[in-house]
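Have the sequence and the model open side by side, and let us walk through them together. We will begin with one loop residue and work outwards to the fold.

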Amino acid sequence: MTLEHEDTAGADDLRLVPRIAIQAFCETSDVAELLEAAAADRRMSRAHLKVQMGGLPAAVEFYGAAPTPNLVVVESKGKAEDLLAHLDGLADVCDPGSKVMVIGHVNDVVLYRELIRRGVSEYVVMPLGMFDVIRAIGDLYVGP
């Protein structure tokens, strides 16, 4: 994945992301690199973002013994049924004030509606650019 050809259209309207803790659990190196690039942007300077591999299963295991941050970002490449089952497990260990953003690879409105119904704060679909990620995170905490 190359970030140097990033579309900068609309980057000027991005606001600073507030001081929040974000932990991401990725399945692919492309998404991990994308999130790391977003974390390095000046608009994310007040936020603390930690990126790990392992996707939803790793998030469920990790938060079984640790408090959840303000925002949990999880990537899922699997089937909708697997995603929903793992999200149910995450819901069991997630603190009430935490938000969850899912980065998926399938543009499916039925899945989107089910995720929102289950309490997911945002569902975004790859391919994404760095500014798309910053905008999605910012919209969760600052508003569109």
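Asp41 sits in the loop that joins α1 to β2; helices here are DSSP runs of H or I with at least four residues, strands are runs of E with at least two, and both are numbered from the N terminus. With a relative accessibility of 12%, Asp41 counts as buried, the term being used for residues under 20% relative accessible area, with exposed meaning over 50% and partly exposed in between (1.4 Å probe, protein chains only). Which residues does Asp41 touch, leaving aside its neighbours within four places in sequence? They are Met130, Phe131 and Ile134, where contact means heavy atoms within 4.5 Å.

A word on what you are looking at: this is a predicted model, in which local features need pLDDT of at least 70 and side-chain atom pairs count only at pLDDT 80 or more, while totals for chains, interfaces and linings use all residues. Residues are numbered from 1 along each chain as its sequence is written, and side-chain values use heavy atoms, with hydrogens and water left out.

Now step back to the whole chain. The protein chain holds 5 helices and 5 strands, and following the sequence you meet them in the pattern β-α-β-α-β-α-β-α-β-α. Of its 144 residues, 45% are buried. If you take the contacts between residues at least 6 apart in sequence, 78% of them join residues at least 24 apart.

The strands form an open sheet of 5, ordered β2-β1-β3-β4-β5 and paired in parallel; two strands pair if DSSP finds at least two bridges between them. β2 (48–53) and β5 are the edge strands, each with a single partner, so one side of each has no neighbour in the sheet. From one strand to the next the twist averages 15°, angles being taken from 0 to 180 degrees between N-to-C directions, with axes as lines fitted to C-alpha atoms (for helices, over the stretch in contact). Look at β1 (residues 21–26), which pairs with β3 in the parallel sense over 4 bridges. Phe25 stands opposite Val74 of β3. Helix α1 (residues 29–40) packs on this sheet and touches β1, β2, β3 and β4, its direction making about 170° with that of β2.

Next, turn to α3. Its 14 residues (80–93) should span 20 Å at 1.5 Å a residue, and the end C-alpha atoms are indeed 20 Å apart; the expected span is 1.5 Å times one less than the number of residues. Leu83, Leu84, Leu87 and Leu90 are the buried residues of α3. Viewed down the axis of α3, they fall within an arc of 115°, so they line one face of the helix; the arc is that of the directions from the helix axis to the C-beta atoms. An α-helix has 3.6 residues a turn, so residues three or four places apart point the same way. The buried residues of α3 pack against α2 (55–63), β3 (71–76), β4 (99–104) and α4 (109–117), while the face turned away from them carries the exposed Glu81 and Asp92.

Helix α4 buries Leu111, Glu114 and Leu115. Down the axis of α4 these fall within an arc of 100°, so they too line one face of their helix. Their cover includes α3 and β5 (122–125), whereas Val110, Arg113 and Arg117 are exposed on the other side of α4. At the N-terminal end of α4, Asp108 acts as a cap, with a side-chain oxygen 2.9 Å from the backbone nitrogen of Val110. After α4 comes Gly119, whose phi is positive, near 100°.

Key. A polar contact is a pair of N or O atoms within 3.5 Å; within protein, one must be able to donate a hydrogen and the other to accept it, and residues adjacent in sequence count only if both atoms are side-chain atoms.
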